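Colleague: I'm new to reading models like this one. Could you take me on a close look at the core, and then show me how its surroundings fit in?

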Amino acid sequence: GPEQHGFMVAVGYELYCRLLEQAVETMKGKKIEKKENTGPRIDLQVNAYLPSTFVANQQQKIDLYRRIATLENKEELKDMAEELKDRYGRLQPPVENLLLVMRLRQLAKEINVESIEQQKDQIIVKFNQEKSFESNRLWELVNRHRKKVSLHAGKKISLRIKSKFLKDKEQQELEYIINILEEIRANELEKEEGEGEKWKRELKF
């Protein structure tokens, strides 16, 4: 329920589901194998969960959380949204937010984001240390969003996005962050395609 969602978003859905599995195994008296969580860490003050008024059955809810945690792309996410609508009716705002946060995690994995954390009125998107960027493209992106986005470089590159996550604008804020990550991903795909064309020319394909 709502009392769990803050913890769940903070630790990430994969780890959350793993903790659920461990709790069940512990109750059964089985030995728990230690596994490392390698996914990006997301810590946002956002209502993203499956309310009991949407999914009343606790076992179904746990199963859905596990399935949502394994979704790998936008298409699978859309299929899940359709299934939820068919089974439980119109998606409530916390459910929509849940799927948006999952999309955020998918993109974060793709572009080597280490963490997305909320600090007061800003969101810090921190990239892994080995992450490399084409500086011109990154500056262009920041310049396009200069009213809300700033770039910080150090041992790890990070983006700072102005955001308050007001209750009536949670979905809008999540969609904005997703849009930023989508732009970074698109730039990287464009760069990869450009490098492929260069190799073709050199090899006369």
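Modeller: Sure, but one term first: helices (at least four residues) and strands (at least two) are DSSP runs, numbered from the N terminus. With that in hand, read the elements from the N terminus on and you get α-α-β-α-α-α-β-β-α-β-β-α. That makes 7 helices and 5 strands. Keep in mind that you're looking at a predicted model.

Now, how much of the protein is buried? Of its 205 residues, 41% are. In soluble globular proteins, nonpolar side chains tend to be buried together. Here, the largest nonpolar core holds 47 residues, and the ones with the most contacts inside it are Leu 44, Leu 104, Ile 116, Val 125 and Leu 159. Helix H5 gives the largest share of this core, with 9 residues.

Let's zoom in on Val 125. Skip its neighbours within four places in sequence, and Val 125 still touches Val 113, Ser 115, Ile 116, Ile 157, Ser 158, Leu 159, Ile 161 and Leu 181. Two names there, Ile 116 and Leu 159, also sit on the list of residues with the most contacts in the core. The whole protein has plenty of long-range links too: take the contacts with a separation of 6 or more, and 67% of them join residues 24 or more positions apart.

What about the loops? Start with Leu 71, which is placed in the loop between H3 and H4. Leu 71 counts as buried because its relative accessibility is 12%, and the cut-off for buried is under 20%. Outside its close sequence neighbours (within four places), Leu 71 has contacts with Glu 76, Leu 77, Met 80, Met 102 and Gln 106. Its C-alpha atom is also 9.9 Å from that of Arg 105, a residue 34 places away along the chain.

Two other loop residues have an unusual-looking detail in common to check. Asn 112 isn't a glycine, yet its phi is positive, about 60°. You'll find Asn 112 in the loop between helix H5 (93-110) and strand E2 (113-119), and at 33% relative accessibility Asn 112 is partly exposed. Lys 120 isn't a glycine either, and its phi is positive, near 55°. Lys 120 lies in the loop between E2 and strand E3 (122-127), and with 78% relative accessibility Lys 120 is exposed.

Next, the aromatic rings. A search of the whole structure turns up 1 aromatic pair. Phe 54 and Tyr 88 form that pair, and the geometry is tilted: 5.4 Å centre to centre, with 50° between the planes. The two partners are 34 residues apart and tie distant parts of the chain together, with Phe 54 in the loop between strand E1 (41-43) and helix H3 (58-69) and Tyr 88 in helix H4. Phe 54 is buried, with a relative accessible area of 5%.

Last stop, the largest pocket, which holds about 260 Å³ of space. Helix H4 (74-88), H5 and helix H7 (170-203) are the elements that give two or more residues to its lining. Among the lining residues are Lys 74, Leu 77, Glu 96, Leu 100, Arg 103, Gln 171 and Ile 178. By class, the lining comes to 5 nonpolar, 1 polar and 5 charged residues. Look back at H5 and you've met this helix twice: as the giver of the largest share of the core, and as a part of the pocket lining.

Definitions and conventions. Residues are numbered from 1 along each chain as its sequence is written. This is a predicted model: local features need pLDDT of at least 70, side-chain atom pairs count only at pLDDT 80 or more; totals for chains, interfaces and linings use all residues. Side-chain values use heavy atoms; hydrogens and water are left out. Buried means under 20% relative accessible area, exposed over 50%, partly exposed in between (1.4 Å probe, protein chains only). On a 1 Å grid over the protein atoms alone, a cavity is a set of points where a 1.4 Å probe fits but cannot get out, and a pocket is an open set with protein on both sides within 12 Å along at least five of seven lines; lining residues have an atom within 4 Å of a point. Grid points are joined across faces, edges and corners, and a volume is the space filled by probe spheres set on the points. Ala, Val, Leu, Ile, Met, Phe, Trp, Tyr, Cys and Pro count as nonpolar, Asp, Glu, Lys and Arg as charged, and the others, Gly among them, as polar. A nonpolar core is a set of buried Ala, Val, Leu, Ile, Met, Phe, Trp, Tyr and Cys residues joined through side-chain atoms within 4.5 Å. Contact means heavy atoms within 4.5 Å. Rings of Phe, Tyr and Trp (its six-membered ring) pair if their centres lie within 6.5 Å; planes under 30 degrees apart count as stacked, over 60 as edge-to-face and the rest as tilted.
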